[in-house]
Amino acid sequence: MTPLLEIHDLHAYYGKSHVLHGVNLTVEQGEIVSLLGRNGVGRSTTVKAVMGLVSATGSVKFKGNQILGLPAYRVAHCGLGYVPENRDIFPTLTVEQNLILGEKKGKASRWCVDEMYAMFPRLRERQHTQAGVLSGGEQQMLTLCRTLMGDPDLVMIDEPTEGLAPKIVEQVADYLQALKRRGISVLLVEQKLAIALEISQRVYVMGRGAIVFEGTPASLRGDVIVRKEWLEV
């Protein structure tokens with residue numbers, strides 16, 4: 001079967017700075033894949049290149065179709081969801097208005113606002129509150145749910161647990177498992193090794209703009225050299 005997302009020989013640039021050096025990566029239907037590595041190695045650049053937010057060369061295929069070079073709005077309409085690290089909520093709109101803005105016109109979604117509230121009850125309590133006054137954890141919940149309202153087939157999530165309390169981290173992990181149960185694939189950019197190894201079917205490790213390891217969580221747990229060289233601080 002053709003992978004849902006297939007990245008081949010991806011190179012990306014910020015001006016004259018060459019950031020990605022031939023990245024190869026795949027995500028299958030209904031699979032959670034984690035992209036691990038230290039800060040600055042190119043993980044966020046990889047997902048931004050897929051979304052058309054960074055100048056890149058190589059090949060990015062989604063559902064067998066070439067999407068590299070498309071503008072971000074067209075990539076999104078292909079069925080790719082993206083949750084950026086900086087969350088990007090609309091601060092002057094309410095929680096519910098933010099969720100409704102995530103819907104795609106003319107498309108019936110597998111998700112509705114009530115399901116978002118069931119997943120994160122705190123959002124129901126805050127549904128009429130301006131998003132800009134939410135806590136960091138609440139804003140992360142909102143961004144995750146707003147992306148789902150667009151009914152993506154694959155969600156790329158950049159550092160969703162960064163700066164969150166342990167209880168909220170657990171809720172994010174439950175959210176990711178809920179996506180998998182509904183057949184939605186996930187490409188997770190994450191630094192917390194424990195959560196990535198717990199929920200992923202496969203993991204990639206990046207170092208200096210390239211993939212330095214690919215395998216199962218069990219194989220990464222057993223590879224002391226890779227963890228020491230590329231992950232541990």
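**Exercise 1. How much area does the protein chain expose, and what share of it do carbon and sulfur atoms supply?**

Solution. The protein chain exposes about 10,700 Å², by the Shrake-Rupley method with a 1.4 Å probe. Carbon and sulfur atoms supply 52% of that area.

A word on the model: it is predicted, so local features need pLDDT of at least 70 and side-chain atom pairs count only at pLDDT 80 or more, while totals for chains, interfaces and linings use all residues. Residues are numbered from 1 along each chain as its sequence is written, and side-chain values use heavy atoms, leaving out hydrogens and water.

**Exercise 2. Place Ile199 in the fold.**

Solution. Start with the secondary structure: Ile199 lies in helix H8, residues 193-199. Helices here are DSSP runs of H or I with at least four residues, strands are E runs of at least two, and both are numbered from the N terminus.

Next, check the cover. Ile199 has a relative accessible area of 2%, so Ile199 counts as buried (under 20%; exposed is over 50%, partly exposed in between; 1.4 Å probe, protein chains only).

Then look for partners. Beyond its neighbours within four places in sequence, Ile199 is in contact (heavy atoms within 4.5 Å) with Ile32, Leu176, Gln177 and Leu188.

Finally, take Pro217: Ile199 and Pro217 are 18 residues apart in sequence and 8.9 Å apart in space, C-alpha to C-alpha.

**Exercise 3. Describe the whole chain.**

Solution. Count the elements: the protein chain has 10 helices and 10 strands. Turn to burial: buried residues make up 53% of the 233 residues. End with the extent: the C-alpha trace spans about 50 × 35 × 35 Å along its principal axes.
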